[in-house]
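Please look through the structure below before reading the notes. They cover a buried position and some charged pairs.

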Amino acid sequence: MKKKIINTCCVLFAIGIMNLADVCAQEKTDSLVNVAFGKVEKQDLLGAVSTVNVPELMKKSYSTYSLDGMQGYVGGYTGNIWGQSPLVLVDGFPRSASNVNSSEVESVTILKGASAVVLYGSRAAKGVVLITTKRGKAKPLSIDLRVNTGVCVPKRYPNYLNASDYMTLYNEACRNDNIAERYSQELIDNTAAGTNPYRYPDIDFYSSDFLKSFYNKSDVTGEISGGNERARYYSNFGMSHNNSLMKYGDQKNNKDMRFNVRANIDMDLTDWLKASTKALAIFSDSYVGRGDFWGTAASLRPNWFSPLIPVDMLDPANEALQNIVKTSNNVIDGKYLLGGTSTDQTNAFADMLVAGYIKNKSRVFQFDVDATADLGSLLKGLTFKTAYSVDYTDRYSEAWKEGYAVYEPTWATVDGKDVITALKKYNDDTNSTNEYIGETSYAQTMTFSSQFNYNRSFNESHNVSATLVGWGFQIRNSSDSNHEGSVYHNTTNVNLGMQATYNYLHKYYIDLAGAVVHSPKLPENNRNAFSPSVTLGWRMSDEDFFKNSVSFVNNLKLTTSYAVLNQDLDIANFYMYKGYFDSKGGWYQWRDGAAGGWTTSSKRGDNPNLSFVQREEFRTGIETSIFSNSINLEANYFLQYTKGLLTQGASTIFPSYFSSWDFSFLPYLNYNKDKRSGIDFTLNLNKTIGQVAYTLGFSGMYLATEAVTRDEIYENRYQYRAGKPLDAYWGYECEGFFADQADIDNHAKQTFGEVKPGDLKYKDQNNDGVIDSKDEVNLGHNGWSAAPFTYGLNFTMKWKNFTLFALGTGNTGAIGFKNNSYYWIKGTSKYSDVVWGRWTSETRNTATYPRLTTTDGSNNFRNSTFWMYKTNRFDLSRVQITYDFNQSFLQKSFVHGLSIYVSGESLLTLSKERKLMETNIGTAPQTRFFNLGMKASF
């Protein structure tokens, strides 16, 4: 018995030692952050780098997209980085973030500063998002299973007028234009009464006839990991499915299905050689019934025609009509023929019912392998790593399509009953027995890198690291939509990078980095350039004078950097340095040997000195923790110039005779210059009160932009784009409605078509008595890359086994225009509810909308302050409540961990223009997602 007790104690002690080792290893791993071509201890980060621990986040916030909600955790990131579109790398290779689920991700690192991305070369000059997937660990086999299912509920639908109201107001528009009314009062009354919806149609697209109140979205994910000191493995497999809101025709079968499997393996082949391999396969299939329902819903007038013609209302004595029914391939439910008109010979309703379907298929295969050799026997601290990847993405559609006939009925009243006395046929029914291949696209990406790394500490004080890396990738794209083949040019990135970093006691830092970049878009003599960067850092909190006087500060580090990155991202095409001629350059009557004809002429001039566009950046940052690390702040100020943007110099550089309508000798030049500056920050607060622990995160960015230099010339100073924001929205300053003809006569002449009382009048900015394009002014920021101020909030509260999480994002300072078809109602377009505020002689003092017109309304439908609104908003993106079961509850089962949770996404928008922001026009509606989930560990 005594021996048994001793053996048991020894086993428990050994297990404890192993667990302690695992914890220490985990802490060491958690302190490392993935950066360009390596990992750095978190305390030694220098160049505006932010990281998110995704597995920890997934414990309280379920998501499927790998970059979901990052704005809520990282200042300066809005999908763009500091207002520019970043390069996305997955495990160091250029890949789409949409191919990676959150459950596969170990961390997401946002590399914002130029010094942090310089090693990646030209293609990374606007920032990098580095997604790192999970790897196996030396531990026993573990299995995690996550299951989710929920419903997507539409936020709101557009509100359009019914048929009788539409016809009534359209008649008003006719009177405003001094033309005859289109619709009789009898027709309007019969439509309003709903006496016969086939003769007097009134289509409500957003009714239960066509749409469900919600649709389902579900997914299941399994993770298997484990291994030993020699080999570790991780695999992730999952499936997701969703249907749609549609319940009409073949679109009731709309669905999306996705299956993915990932496998990562790490091996210690010898004491000095390690290798790893990763593979991913994704199979995505979707089924879509034909017909543009949402586009039609936003454009087809409710009274225009009935999509179905009841056969029981056909004149029974008309043999020709009865034969149509007998010979038609498309008698819907044995009751209806397909309706249409001469202008609607194909339409969304008939498409959905009989035209067929499209099955879209996507296949993604990714494979990469790398090897790392410890060359410490040659030089202590030296390692060599090489990696290669190849990715394939193939998309194609299998489709089935049939032609169909539609009929336009002639109605009559016979013996007090509505009867169809004639049908006008458009098109013919056709049969198809085979599917066909529709659109196809293909992409291949190959990436290769090799690098030497040196990392060593001397006397536990002097820490030195260096990297020499060669990196390049090539992307090939091709597509074929009409079986006519395609033309493509490879996208390439090749560069040689080098970096040397030194720190003393993790207190004083210097980092020197650079890259030799190459671009095939430039002339042969200008295809190579060097991009340098230098970064300095100082941990002030480790100074004796600081520690002794400011004890509540746990960490305070200051950094500053300067870099010049050469890039070709803003050089749109290849061979832009080359001039060319066109054999049909211009038509000349005096062409030799003919009475006129096409003559060869120059279309562009040569520029053998065309060079890289440069990103020149100065940045300074602060990182601090105070009050026992309960408050943590990271912030950066950046000043960035983009120099040498391309223009052809038509306005100010070359004389006017260098170009005309039929020829041009103008070359592309490096001339324009942009400026971006701002501050980003990430603030986190951690606190425990009794049994309640909570964290609050607040991140944000203030961004200012300016077009510094432009090749431009205008008559008026206010028209110049130079000195204005890059995202300036230009339009007219509206002064209200014209009250009467005298008001029109006394105002500057507006040149946008006929003007009548009730139309918009604009300010004459240059006082020349004419309103034209010269009167457009800068009205504000459109926020196309990022609003002037963007921010995110995240909140976590834990009490016992319950966790509450909330995430929100917002922006302020930008504007938009109500300029889609819901507001700009032209000619015979569908009328939305905004027209109730139309101008009339009776409502001239209260009107909120211009007079109605049957014309295109070109005077009124222009970007102006009348249509302008502020896009300020705050979105409550997610709320989740999680319950983690106690281990004591699970100890007698094979389940090691169990959590259940309920969550909601896209729950609330706070904005003065909330209805506008939540309403989609011409596309499927925005939805709120309510989810029930479970995670179990085995």
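The points below deal with Phe929 and with salt bridges. This is a predicted model, in which local features need pLDDT of at least 70 and side-chain atom pairs count only at pLDDT 80 or more, while totals for chains, interfaces and linings use all residues. Residues are numbered from 1 along each chain as its sequence is written, and side-chain values use heavy atoms, with hydrogens and water left out.

**Phe929**
- Phe929 lies in strand E43 (residues 927–937); strands (E, at least two residues) and helices (H or I, at least four) are DSSP runs numbered from the N terminus.
- Phe929 is buried, at 4% relative accessible area; buried means under 20%, exposed over 50% and partly exposed in between (1.4 Å probe, protein chains only).
- Leaving aside neighbours within four places in sequence, the residues in contact with Phe929 include Tyr62, Cys152 and Glu905; contact means heavy atoms within 4.5 Å.
- Lys217 is 712 residues from Phe929 in sequence, yet their C-alpha atoms are 8.6 Å apart.

**Salt bridges**
- The whole structure has 38 salt bridges, each a side-chain nitrogen of Lys or Arg within 4 Å of a carboxyl oxygen of Asp or Glu.
- One of them joins Glu172 and Arg838, with the closest N and O atoms 2.7 Å apart.
- This pair links distant parts of the chain, 666 residues apart, with Glu172 in helix H4 (residues 163–176).
- Glu172 is buried at 10% relative accessibility, and Arg838 is buried at 17%.
- In another salt bridge, Glu715 and Lys774 have their closest N and O atoms 2.9 Å apart.
- Glu715 is exposed at 61%, whereas Lys774 is partly exposed at 26%.
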